[in-house]
Amino acid sequence: MMQNIAVLTSGTDSPGMNAAIRAVNRTAIFEGRKVWGIRDGYYGLIHDDIIPLSTTSVSDIIQRGGTFLGTSFSQEFYTAEGRKIAWENLKKKNITGLVVIGGDGTMQGAKVFHEEYNFPIVGIPATIENDIWGTDYTIGCDTAANTIVQALNKLRDTALSHRRIIVVEVSGKKCGWLPLVSGIASGAELVLVPERHTDMAEIIETISERHKEGKSYSLIVVADGYGDTMEIGKTIERETGIDTRVSVLDLIARGGSATVQDRVRASQLGERAALALLSGLHGIVFGYRKGDIVTTSLDDVVKNKKALDIEYLDIAKMLA
């Protein structure tokens with residue numbers, strides 16, 4: 001029976017990570033097991049920054065953004081030498097199972113470590129970009145979308161007042177989910193995502209036609225994986241003759257207190273992940289599909305690329 005497990009957060013932070021950590025910790029303790037917290041993700045695992053957690057360790061964190069354990073990007077963990085040190089540190093503390101909370105890079109690291117040492121790992125997807133294969137939802141994406149919509153609402157006010165075009169860059173390097181849902185919810189005139197390239201001439205024509213019809217401003221949402229946002233803004237201003245500004249919403253979307261949905265779902269995923277690990281299940285990632293909690297092979301999560309729902313693209317175009 002697994003008596004000692006650990007939990008870590010890795011990669012970029014996401015609102016709701018604390019709720020997931022809290023759920024993993026308290027579920028395992030409720031089941032009579034010992035829980036360790038690994039600070040700063042895989043970096044802390046290599047540098048033996050591993051601390052015991054009690055139920056009070058996770059008090060007063062569910063409402064906080066970010067992750068109280070800290071997070072980082074560890075290049076050392078992608079080396080065989082680094083992973084060997086990590087394994088030795090786990091063995092030294094008799095930790096026999098690990099819950100990892102993070103995005104695509106986190107899951108890749110978990111997969112390699114799981115296979116290399118046959119070490120029991122369960123994953124929980126947490127990234128504001130919602131780009132993990134096998135799940136419709138990742139921790140933090142709902143909070144980030146709400147934060148971005150609030151910012152877009154404010155930018156719309158100033159765009160209208162000054163009769164400007166405002167180009168807004170939103171996180172979405174490989175997956176356009178976040179800019180798309182934010183754009184739809186805020187009524188943006190155009191949403192540009194990496195999954196569908198739009199010719200610059202078509203963009204200019206669309207904006208020009210709408211302004212001829214009486215539109216006095218435009219709000220354009222661009223995924224940071226689509227292209228050079230600053231250059232897009234300069235080209236639009238040069239070709240349309242309309243004052244154009246660029247605003248980048250990056251780190252602000254990652255912070256803040258998690259929404260109810262992110263807190264509850266993160267808590268549910270944390271509980272399921274802890275119970276699965278304690279019962280001997282591993283090499284899996286918990287997520288949501290059509291409203292139900294599901295498990296997906298860690299190997300499949302890493303190997304596959306999440307496809308964007310085409311319906312979002314069609315809605316954004318029709319309702320613009």
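Mentor: Buried means under 20% relative accessible area, exposed over 50%, and partly exposed in between, with a 1.4 Å probe and protein chains only. Our model is predicted, so local features need pLDDT of at least 70 and side-chain atom pairs 80 or more, while totals for chains, interfaces and linings use all residues. Residues are numbered from 1 along each chain as its sequence is written, and side-chain values use heavy atoms, leaving out hydrogens and water.

Trainee: What makes strand E1 largely enclosed by the rest of the structure?

Mentor: Six of the six residues of E1 are buried, so E1 is largely enclosed. Asn4, Ala6 and Leu8 are buried on one side, and Ile5, Val7 and Thr9 on the other, so both faces fit that cut-off. Strands (E, at least two residues) and helices (H or I, at least four) are DSSP runs, numbered from the N terminus.

Trainee: How do you know that E1 and E2 pair, and in which sense?

Mentor: Two strands pair if DSSP finds at least two bridges between them. E1 and E2 have five bridges, in the parallel sense, so they qualify. One bridge joins valine 7 to its partner in E2, glycine 37.

Trainee: What order do the strands of the seven-stranded sheet follow?

Mentor: This open sheet runs E3-E2-E1-E4-E5-E10-E11, with mixed pairing. Its neighbouring strands are turned by 30 degrees against each other on average, direction ignored.

Trainee: Why are E3 and E11 said to stand at the edges?

Mentor: E3 (50–53) and E11 (292–297) each have a single partner strand, so one side of each lacks a neighbour in the sheet. Compare E4 (97–102) with E5 (121–125): they pair in the parallel sense over five bridges, and valine 100 has glycine 123 in E5 as its bridge partner. Helix H1 (residues 17–30) packs on this sheet, touching E1, E2, E3, E4 and E5, and its direction makes about 175 degrees with that of E1.

Trainee: Why are H1 and helix H9 called oblique?

Mentor: Angles under 35 degrees count as roughly parallel, over 145 as roughly antiparallel, 65 to 115 as roughly perpendicular and the rest as oblique. H1 and H9 (residues 260–278) pack at about 40 degrees, with their axes 7 Å apart, and they are therefore oblique to each other. Among the residues that meet are Ala20 and Val24 in H1 and Ala266 and Leu275 in H9. The residues of this contact divide into nine nonpolar, three polar and two charged.

Trainee: What makes H3 and H4 a contrasting case, with an angle of about 70 degrees?

Mentor: Helix H3 (residues 80–92) and helix H4 (residues 104–117) pack at that angle, with axes 11 Å apart. That makes H3 roughly perpendicular to H4. Trp87 and Leu90 are among the H3 residues in the contact, and Val112 and Phe113 are among those of H4.

Trainee: How do you know which strands are the edges of the four-stranded sheet?

Mentor: The order is E7-E8-E6-E9, in an open sheet with parallel pairing. E7 (190–192) and E9 (244–249) each have a single partner strand, so they leave one side without a neighbour in the sheet. The twist averages 20 degrees from one strand to the next. Inside that order, E6 (165–170) and E8 (218–223) pair in the parallel sense over six bridges, one of them from isoleucine 166 to leucine 219 in E8.

How values were computed: Axes fitted to C-alpha atoms, helices over the stretch in contact; angles between N-to-C directions. Contact = heavy atoms within 4.5 Å. Nonpolar A, V, L, I, M, F, W, Y, C, P; charged D, E, K, R; others polar.
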